[in-house]
Amino acid sequence: MPDAVVIGAGPNGLVAANLLADAGWSVEVLEAQPEPGGAVRSDRGVHPDYVSDLFSAFYPLAAASPVIAGLHLEREGLRWSDAPRVLAHPMPGGQCAVLERRPEDTAARLEEYAAGDGEAWTALCEVWQRLGDGIVRALFTPFPPVLPAVRLLAAVRKAGGLGLARRLVLPVRRLAEEEFHGGAAGLLLAGNALHADLPPEASGSGGYGWLMTMLGQHHGFPVPVGGAGELTAALVRRLERRGGAVRCSTPAVEVVVRGGRAVGVRTAAGEAVPARRAVVADVSAPALYGRLVDERHLPDRLLRDLRRFQWDYATFKVDWALDSPVPWTARPAATAGTVHLADGMDGLTEYAAQLAMGLVPARPFLILGQMTAADATRSPAGTESAWAYTHLPHHVRGDAGGQGLSGRWTGADAEAMADRMEEVVERHAPGFRAAVVARRVLAPPTMEAMDANLYDGAINGGTAALHQQLLFRPVPGAGRPETPVPGLFLASASAHPGGGVHGAPGANAARAVLRRHPLRRCRGNRRG
């Protein structure tokens, strides 16, 4: 009987399993899919000569995460690679907002577009230099992060006090209006805010966009050499060297509760997998409460609050094998790993408004990845392994593009949406479609079928909006990994601090488990 059973071999589940194994625990991880990784996987499914990341691809949060750093995955063979430029956002006339690898280079380019914007950018970078380490510590510390928060508040006072705090809770459109004269810098911030589901007019989108942009500015948007699956493989190898086990094609259908305590898991095949001390669930909050755990074991208030749980938007993704690099009109985009495509700040607002109204956007905002530009192993020389994704409403009420897309995302609907996305790329890179050797469409139902945590293609475990963060995540008063069922711990992106590949929800859950069993922890750490 293992000390702990972990449900889900996504990055958070594997991080939790590794930390428990480090403390001398025996750990068994149950994964529903035929391979581990959750949303951190890669394959050659588009073309046999091209490596494609199925879901997540760039990892600034992993690069900044003390959790990931503490696992020393380089000892397991993991290597990172970066594109020459972090991010680009093409603009009219061949101009391009560019997040360079060095802050001074980003500032110099922004200064070319609008006098004074380089200095303003440098000022934002200086704020990060003062606060960045404290923000990262607070972000990746179990809630409430008392000591990191005290230190961060002291640093905020020195860096600008209430004025700075106000700037960080501004909508990103307003932040850009206050700080910059031209449009380029604001596009960098606003595009990064929409890596979550925060539109330009949302409170806090300025702070989130600044956070993601500064992470990219100072840590890059690195990728694992050989594909996203290499990150998962390193986590699995590390766990197995410490005696842990990962069982794939073993979906869990019930957390067994006996005597008011979680004592194990029942699989779809009817197998009982007992847990001596803890069950750790790397599953979404709605999947855990009321499905894996029967409602009779849960407080009525939790069930009521969970009915108000808000998912982030659905995701629609297209993977391409290209026989040449993307022919960007804005040349700097050719050497950026990540490219944002939208018609300025107003285009981002229009896109977000159509989503909010339940409409399929007429001109979707695209986040596009050029994987070979970031890692030459992904495809043959002179070619490009690329992808792009956009967001969609979960419940489609209409099509702002006038094609009658229904939201069923099967057959003709899915192909038409993929064509619409290709048309966006083509406007910024004439000749793009002629370079397509093969493509794969991952519509929201497909994504969920490949990873149940990606409900209808939602990739962040729930909205990143302020009303569902910190002590409100996943529901009010449930900001810690402990659940109402003793012995059961939530370790997914539905828990604080939320989405992104950084391992914090898994690490927080493992630490909570070990706090409950301190004597077991003293049995000795196995290192290697």
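## Close-up views of a predicted model

With a relative accessibility of 36%, Phe472 counts as partly exposed (buried means under 20% relative accessible area, exposed over 50%, and partly exposed in between, using a 1.4 Å probe and protein chains only). This is a predicted model, in which local features need pLDDT of at least 70 and side-chain atom pairs count only at pLDDT 80 or more, while totals for chains, interfaces and linings use all residues. Residues are numbered from 1 along each chain as its sequence is written, and side-chain values use heavy atoms, with hydrogens and water left out.

**View 1. Phe472 shares a nonpolar surface patch with Leu470 and Leu471.** The patch covers about 250 Å². Patches are built from residues with over 30% relative accessible area and no salt bridge, joining like charges within 9 Å and nonpolar side chains (Val, Leu, Ile, Met, Phe, Trp, Tyr) within 5 Å. The accessible areas come from the Shrake-Rupley method with a 1.4 Å probe, and for residues only the protein chains shown count as cover. Phe472 sits in the loop between α17 (444-450) and β21 (488-490); helices (H or I, at least four residues) and strands (E, at least two) are DSSP runs, numbered from the N terminus. Leu470 is found in the loop between α17 and β21 too, and its relative accessibility of 45% makes it partly exposed.

**View 2. Leu470 and Trp409 have positive phi values.** As background, most residues other than glycine have a negative phi, and most peptide bonds are trans. For Leu470, phi is near 55°. Trp409, which is not a glycine either, has a phi of about 55°. You will find Trp409 in the loop between β19 and α16. At 6% relative accessibility, Trp409 counts as buried.

**View 3. Two cis peptide bonds precede Pro474 and Pro497.** The bond that joins Arg473 and Pro474 has an omega of about 0°. Pro474 belongs to the loop between α17 and β21. Between His496 and Pro497, omega is about 5°. Pro497 lies in the loop between β21 and α18.

**View 4. Helix α16 runs over residues 412-428.** Its 17 residues reach 25 Å from the first C-alpha to the last, close to the 24 Å expected at 1.5 Å a residue (the expected span is 1.5 Å times one less than the number of residues). Buried residues in α16 include Ala414, Met417, Met421, Val424 and His428. Charged residues are among them as well: look for Asp413, Arg420 and Glu422.

**View 5. Arg420 and Asp399 meet in a salt bridge.** A salt bridge here is a side-chain nitrogen of Lys or Arg within 4 Å of a carboxyl oxygen of Asp or Glu. In this pair, the N to O distance is 2.9 Å. Arg420 belongs to helix α16 and Asp399 to strand β19 (residues 398-399), so the pair ties together parts that are 21 residues apart in sequence. Both Arg420 and Asp399 are buried. For the wider setting, a search of the whole structure finds 35 salt bridges.

**View 6. Glu422 of α16 pairs with Arg439.** The side chains meet at 3.0 Å, N to O. This pair links distant parts of the chain, with Glu422 in helix α16 and Arg439 in strand β20 (residues 436-442), 17 residues apart. Glu422 is buried, with a relative accessible area of 5%, whereas Arg439, at 26% relative accessibility, is partly exposed. Glu422 and Arg439 also take part in a network of salt bridges with Glu415, Asp419 and Arg433.

**View 7. Glu482 and Arg515 form a salt bridge.** The N to O distance is 3.5 Å. The pair links distant parts of the chain: Glu482 is in the loop between α17 and β21, and Arg515 is in helix α18 (residues 504-516), 33 residues apart. Arg515 is partly exposed, with a relative accessible area of 41%.

**View 8. Thr377 touches Val225 and Gly226.** These contacts (heavy atoms within 4.5 Å) leave out residues up to four places away in sequence. Thr377 is found in the loop between α15 (371-374) and β18 (384-392) and is partly exposed, with a relative accessible area of 45%. The C-alpha atoms of Thr377 and Ala285, which are 92 residues apart along the chain, are separated by 37 Å.

**View 9. Confidence across the protein has a mean pLDDT of 94.** pLDDT is the predictor's confidence in each residue, from 0 to 100, and 96% of the residues reach 70 or more. Over residues 519-528 the pLDDT is below 50, and this stretch has 24 contacts in the model beyond near neighbours in sequence.
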